[in-house]
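Here are my notes on the model, set out as numbered points for your own reading of the coordinates. Please check each of them against the structure shown below.

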Amino acid sequence: MRLTRFTDVALRVLMRLAVAEGTEAPTTREVAATMRVPYTHAAKVVARLQHLGLLDARRGRGGGLTLTSAGRSASIGSLVRELEGPEEVVECEGDTPCPLRSACRLRGALRGAQEAFYAALDPITVTDLVASPTGPLLLGIGSGPPPD
């Protein structure tokens, strides 16, 4: 299974905000530069995470992004399920339906593997992801110009 770029960026944004506590709240533009992602992509991710109640975004002087308590304790498995959506690993019903779809055992096996993947992530929180040595490394990442 491969995560979408959106989910990857969302997890990295949450991790970056988890280590920003106690410092000046970074802006979306600063987080995008630090994580080396395009600003427009980061802005969409931030909007979705804010909608999910995982971060707060305030505009203007003294504004910025802060992680909520729900964001700190969020299960990575739940986040990935939410952000990836209900898609299955294989497309059995698409434009050219698989001729085996009515009696295929592969689809069920892959669905089980996908659930095992999520279950392995369920007990891990955003806070767990930024434990040493990751947190200090995140704090040390400089901000350069984000890709276009």
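1. Six of the eight residues of helix α2 are buried, so α2 is largely enclosed by the rest of the structure; buried here means a relative accessible area under 20%, exposed means over 50%, and partly exposed covers what lies in between, with a 1.4 Å probe and protein chains only. The buried residues in α2 are Thr 28, Val 31, Ala 32, Ala 33, Thr 34 and Met 35. Helices (H or I, at least four residues) and strands (E, at least two) are DSSP runs, numbered from the N terminus.

2. This is a predicted model, in which local features need pLDDT of at least 70 and side-chain atom pairs count only at pLDDT 80 or more, whereas totals for chains, interfaces and linings use all residues. Residues are numbered from 1 along each chain as its sequence is written, and side-chain values use heavy atoms, with hydrogens and water left out.

3. Thr 28 belongs to α2, which runs over residues 28-35, and has a relative accessible area of 15%, which makes Thr 28 buried. If residues up to four places away in sequence are not counted, Thr 28 touches Tyr 39, Ala 42, Ala 43, Val 46 and Leu 65, where contact means heavy atoms within 4.5 Å.

4. What follows α2? The residue after α2 is Arg 36, with a positive phi near 60 degrees, and Arg 36 is not a glycine. Most residues other than glycine have a negative phi, so the backbone at this position may merit a look in the coordinates. Arg 36 sits in the loop between α2 and α3 and is partly exposed, with a relative accessible area of 43%.

5. Read along the sequence, the protein follows the pattern α-α-α-β-β-α-α-α-α-α, that is, eight helices and two strands. The C-alpha trace spans about 60 × 30 × 25 Å along its principal axes, and buried residues make up 36% of the 148 residues. Among contacts between residues at least 6 apart in sequence, 71% join residues at least 24 apart.

6. The largest nonpolar core, meaning a set of buried Ala, Val, Leu, Ile, Met, Phe, Trp, Tyr and Cys residues joined through side-chain atoms within 4.5 Å, holds 32 residues, of which Val 13, Leu 49, Leu 79 and Val 126 touch the most other members. Two or more residues each come from α1 (5-18), α2, α3 (39-51), β2 (64-67), α5 (76-84) and α6 (106-121), and the largest share, nine residues, is given by α1. In soluble globular proteins, nonpolar side chains tend to be buried together.

7. Which residues of α5 are buried? In α5 these are Ile 76, Gly 77, Leu 79, Val 80, Leu 83 and Glu 84; they cover an arc of only 160 degrees around the axis, taken from the directions from the helix axis to the C-beta atoms, and therefore lie on the same side of α5. The buried residues of α5 pack against α1, α3, α6 and α7 (126-129).

8. Two residues of α5 show this packing in detail. Leaving aside neighbours within four places in sequence, Leu 79 is in contact with Leu 11, Leu 14, Leu 54, Ala 74 and Val 126. Val 80, which has a relative accessible area of 1% and is buried, is in contact, with the same neighbours left aside, with Leu 3, Thr 7, Leu 11, Gly 85, Phe 117, Tyr 118 and Leu 121.

9. At the N-terminal end of α5, Ser 75 acts as a cap, with a side-chain oxygen 3.3 Å from the backbone nitrogen of Gly 77. After α5 comes Gly 85, whose phi is positive, near 80 degrees.

10. A search of the whole structure finds zero disulfides, a disulfide being a pair of cysteine sulfur atoms within 2.5 Å. The sulfur of Cys 104 is 5.8 Å from the closest cysteine sulfur, in Cys 98, which is too far for a bond. Cys 98 is partly exposed, with a relative accessible area of 25%, and Cys 104 is partly exposed, with a relative accessible area of 29%.

Key: Polar contact = N/O pair within 3.5 Å; in protein donor to acceptor, adjacent residues only side chain to side chain.
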